[in-house]
Amino acid sequence: MKRRISFILVVTMMAIALWACDTKAKKEDADTAEQKTETVVEEKEETAPAGEPEYAYTAVQYDSDYQYFDGRIKCVQLTDDSHPALKEAVDKYFSESIQQFNKSCESYLEDSKKANQQLSKDQEDNVGAENEYVYDYTAYYSYDISCQVTRCDDKMLSIKIDEYSYTGGAHGTTNEYGVTFDAKTGDILENSSFDGFKDIVKEEILNRIDNSSEEATSSLFDDYKDTIDYHFDGGFATLGVYYNERGIVVAFEQAEIVPYAAGIPTFNIPYSKLVGFDEKYLPEGDFYTAEIPSNGFAEMVDVNGDGKETPVYLETISDEDLGDSYILHIGDDTIENGGDDAYYMCSPMFVHSSTGNYFILDCTGMSDWHTTYLYNADKNYTLVQSISGNITEISDGKCTIQAKVDAFGSWGAKKEYTYDGNGFVTTDKVDNLDNLPSKGDDAIGITLLKKLTYTDKDGNQQTLSKGTVIYPTVLDGDKLEFMTEDGAESGYFTFEYKDGVRYVDGVSEYDLFADMPYAG
């Protein structure tokens with residue numbers, strides 16, 4: 001199974017018709033789902049190994065003409081017929097989720113209208129007053145539900161769900177929880193069914209806190225232990241719970257044991273700690289990853305595979321002039337990474353693979369440029385390689401790395417790599433831009449200011465007219481492949497790079513395209 005890295009949300013889109021669960025929801029609730037949702041279709045996931053369910057993500061947009069509220073829910077759909085019970089259960093779950101989502105959106109929509117009506121009245125009532133401009137703003141509301149499959153095999157399908165609402169103020173509110181299915185029966189595995197391990201999990205969480213950096217522990221609320229006791233006295237039902245290939249993940253609410261700025265505290269407890277865990281739900285193979293929190297809390301890691309755990313935590317050293325640098329503490333050992341004044345974030349993880357044990361640090365710089373550092377944990381944490389980009393998916397000895405490329409704008413381009421103690425290796429010759437128009441709002445198009453001659457898929461010369469919007473999809477040296485939004489036109493054109501400018505048939509990129517993306 002591929003491990004999708006949670007610090008980078010990566011969605012592959014599937015070109016399909018109206019999704020089954022949305023259709024079902026419309027039949028069950030015509031006043032809600034049929035009128036209020038608009039499906040954004042997405043691309044199919046790559047073929048999974050035999051026995052492992054295949055799935056895709058779909059996005060459903062709340063349908064409203066009111067410009068000061070928007071809502072979106074992302075869902076999971078099984079795309080194979082080899083797990084009928086699971087497929088039916090997942091469809092049912094997300095069908096019901098869409099109906100509830102629509103009801104919530106209706107409430108947020110009405111609240112946002114009332115808020116703006118009151119603001120208009122307050123502004124009108126205070127014309128000429130000293131505080132006249134206090135009310136000179138618009139209340140934008142939003143409600144978004146996203147999801148990420150964290151484990152998918154022939155035993156268990158587990159999905160992490162993030163629910164975000166914004167109703168004004170400095171920030172919104174995020175609630176993180178999970179839903180887990182028995183892959184064979186489709187039954188939802190309720191959190192309470194694992195309450196027999198609550199004491200073990202609680203002890204592991206407290207142990208990690210005790211081994212964390214002073215910076216992290218000093219941020220804990222004075223009554224954090226009382227809060228933890230409360231949750232575990234009641235069992236897992238009061239916590240966010242989901243699973244990955246390593247073990248159970250427990251999430252506390254935002255601003256519950258640490259301040260809002262510290263994010264959502266999560267703790268990943270290995271199956272090896274859960275003595276008596278039902279073997280039919282234990283994953284096959286030894287590969288796993290362990291994400292190290294960026295906020296200084298410790299992760300307990302069996303670094304050498306000898307059964308002994310070592311506390312690992314990240315220390316951030318800030319300098320207003322030089323930028324952030326980072327020290328990864330691994331017991332008494334350290335990995336120092338920094339000195340680049342552009343870095344402002346570091347996301348570390350441990351990888352246990354058949355090719356060895358590694359620490360991988362994803363360091364984020366200005367405009368969201370990433371550098372990934374690979375360290376060999378089996379050879380005194382030696383730096384093996386640094387590479388431009390960040391890992392978006394990783395499995396045993398293989399990974400996907402996304403890096404930025406420049407071609408009539410800046411784009412995120414993916415390539416498939418293998419990795420071992422010698423570094424990263426790829427045979428990919430092209431940069432896949434992951435920019436299919438079927439991705440909806442996530443895809444980026446650029447508009448022609450002049451006509452463009454290109455080569456179609458049959459090798460024939462064709463011409464696009466001024467005003468056409470194209471979506472670059474593959475960069476292959478000096479050749480750029482693209483398609484139009486409706487998919488009716490696709491092909492490639494070549495360009496020449498000279499003195500920092502790209503030219504197509506002698507026409508500068510700035511004269512040929514409008515609104516080229518250079519965003520971070």
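This section describes the secondary structure, aromatic contacts, helix packing and backbone conformation of a predicted model.

The protein chain contains seven helices and 34 strands. Of its 520 residues, 50% are buried. Among contacts between residues at least 6 apart in sequence, 53% join residues at least 24 apart.

Aromatic contacts were examined over the whole structure, and the search returned 27 aromatic pairs. One of these is formed by tyrosine 358 and tyrosine 419, whose ring centres lie 5.8 Å apart; the planes meet at 80 degrees, and the pair is therefore edge-to-face, since angles over 60 degrees fall in that class. Tyrosine 358 belongs to strand S17 (residues 356-364) and tyrosine 419 to strand S22 (residues 410-420), so that the contact ties together parts of the chain 61 residues apart in sequence. Both partners are withdrawn from the surface: tyrosine 358 has a relative accessibility of 0% and counts as buried, and tyrosine 419, with a relative accessible area of 3%, is buried as well.

Strand S17 also contributes phenylalanine 359 to an aromatic pair with tyrosine 381. Here the centre-to-centre distance is 6.0 Å and the planes are 55 degrees apart, an arrangement classed as tilted. Because phenylalanine 359 lies in S17 whereas tyrosine 381 lies in the loop between strand S18 (370-376) and strand S19 (382-388), this pair ties together parts 22 residues apart in sequence. Phenylalanine 359 has a relative accessible area of 0% and is buried. The value for tyrosine 381 is 15%, and this residue is therefore also assigned as buried, the limit for that class being under 20%.

Aromatic residues are further grouped in one cluster formed by Phe408, Tyr454, Phe482, Phe493, Phe495 and Phe513. Two rings in the model, in addition, have a lysine placed over them. The charged end of lysine 113 sits over the ring of tyrosine 66, at 5.5 Å from the ring centre. Lysine 404 lies over the face of tryptophan 369, and the distance to the ring centre is 5.5 Å.

Helix packing is illustrated by helix H4 (residues 198-210) and helix H6 (residues 224-234), whose axes are 10 Å apart and enclose an angle of about 160 degrees. H4 is thus roughly antiparallel to H6, as angles over 145 degrees are assigned to that class. The crossing of H4 and H6 is right-handed. On the H4 side, the contact involves Lys198, Val201, Lys202, Ile205, Leu206 and Ile209; these meet Tyr224, Ile228, Asp229, Phe232 and Asp233 of H6.

With regard to backbone conformation, most residues other than glycine have a negative phi. Tyrosine 381, described above as the partner of phenylalanine 359, has a positive phi near 60 degrees although it is not a glycine. This tyrosine is located in the loop between S18 and S19. Aspartate 515, likewise not a glycine, has a positive phi of about 55 degrees and is found in the segment after strand S34 (513-514). The surroundings of these residues can be contrasted: tyrosine 381 is buried, whereas aspartate 515, at 68% relative accessibility, counts as exposed.

Conventions
Residues numbered from 1 in each chain as written. Predicted model: local features only at pLDDT ≥ 70, side-chain atom pairs only at ≥ 80, totals over all residues. Heavy atoms only, no water. Phe/Tyr/Trp six-rings, centres within 6.5 Å; stacked < 30°, edge-to-face > 60°. Helix = DSSP H or I, 4+ residues; strand = E, 2+ residues; numbered from the N terminus. Buried < 20%, exposed > 50% of the residue type's maximum accessible area, 1.4 Å probe, protein only. Lys NZ or Arg CZ within 6 Å of the ring centre and 35° of its normal. Axes fitted to C-alpha atoms, helices over the stretch in contact; angles between N-to-C directions. Parallel < 35°, antiparallel > 145°, perpendicular 65-115°, else oblique. Left-handed = near helix turned anticlockwise from the far one by under 90°. Contact = heavy atoms within 4.5 Å.
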